[in-house]
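Trainee: I am new to this structure and would like to go through it step by step. May we begin once it is in view?

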Amino acid sequence: MYWNGRIDGEELDVLRIHQVVSIMNLNELLKVDLNEKKVCFVSFNSDEGVRRNSGRLGAKDGWIHVKKALSGFPIFREDLKFYDLKDPIEVINHDLESAHAKMAEIVSALKERNFLVVVLGGGHDIAFANYSGILDYALKKEERPKIGIINFDAHFDMREYINGRNSGTMFLQIADICEEKKLNFDYNVFGIQKFSNTKRLFDRADKLGVKYYFAEEIRTIPSDDLYSILKRNDYIHLTLCTDVFHITSAPGVSAPQTFGVNPRNALPLLKTIARYSKNLTIDVAEINPTFDYDDRTSRLMANIIYELILCHFE
């Protein structure tokens, strides 16, 4: 069991997340008080997308280690409720597409109940499933929703998907959906690595109007650039590929980065996004415990996730 840890008592001022999280199936979650301040974790138990993308396998267990790391964090607000979808989403017989469709349905349903949804991977292909759920939810509210994607990533993940989707194709898939539905493709990437993307990917990003910042630019990004994204969109899809961070902070990823971003430099940006987004949905991907040391990567991302949650509900 991954929700467990130290117990210092049952008084409110010593509680930890593992003592208060409610593990429920989807039907139970959909009966939770609509007006609660609440977060729900959704887990994706597969790295099929990484396998298709020729990455190193192991990310299917990332969500387990993140929950273990989150378990011992202290509770600071008794009005903030934590929930966990009981059963992780599985990829059966390599059918990634059906698993994505299932996740999209779950994300949309949870957002209808006013949850802050945090999807834990798994490979970064979960970003496509998460976006699909956000879009389904948003289309019920308006004909042309404004959804901004903010991706912290070393890669554009906009490869062709003529031979099927994988963990490197999802944002081109989303671009094509936006074109089909006549929606604005507002895709912003923070932490791009020059040598981790081909010239074709840079050209494609430029053609599609993608705004991107290289890893070495993270410390000098104008605050107005970030606020502009948040202001012009009614829904924010924050997607974190853990390989954006420097290898010493995040060794346990599918594609480690020697010149990755220092987490301390990214955190102020992430907290701003969490604090000021109008309608936020989060996914975290590519944590690979097989190559981690002392759960360093899982601990890092657990800290970031909890910072995001607390900032969002300030």
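Mentor: Let us start with a term: a residue counts as buried when its relative accessible area is under 20%. Please keep in mind that this is a predicted model.

Trainee: What percentage of the 314 residues of the chain counts as buried?

Mentor: The cut-off of under 20% relative accessible area decides which residues qualify. Applied to the 314 residues of the chain, it gives a buried share of 57%.

Trainee: What radius of gyration does the chain have, and what does the globule rule give?

Mentor: The chain has 11 helices and 10 strands. For 314 residues the globule rule gives 20 Å, and the chain comes close to this, so it is as compact as a globular protein of that length. Its radius of gyration is 18 Å.

Trainee: Which helix gives the most to the largest nonpolar core?

Mentor: In general, nonpolar side chains of soluble globular proteins tend to be buried together. Here the largest nonpolar core has 55 residues, of which F82, I150, F152, F190 and L238 touch the most other members. L238, for instance, touches residues including I150, F152, L270 and L308. The helix that gives the most to this core, with 9 residues, is α11 (residues 296–312).

Trainee: How many of the 14 residues of α6 are buried?

Mentor: Helix α6 covers residues 126–139, and its end C-alpha atoms are 20 Å apart, which agrees with the span expected at 1.5 Å a residue. Among its buried residues are I126, F128, Y131 and L135. The helix is mostly covered, and its buried residues number 12.

Definitions and conventions:
Residues numbered from 1 in each chain as written. Predicted model: local features only at pLDDT ≥ 70, side-chain atom pairs only at ≥ 80, totals over all residues. Heavy atoms only, no water. Core = buried A, V, L, I, M, F, W, Y, C linked by side-chain atoms within 4.5 Å. Buried < 20%, exposed > 50% of the residue type's maximum accessible area, 1.4 Å probe, protein only. Helix = DSSP H or I, 4+ residues; strand = E, 2+ residues; numbered from the N terminus. Contact = heavy atoms within 4.5 Å. Expected span 1.5 Å × (residues − 1). Rg over C-alpha atoms; globule rule 2.2 N^0.38 Å. Lists of a residue's contacts leave out its neighbours within four places in sequence.
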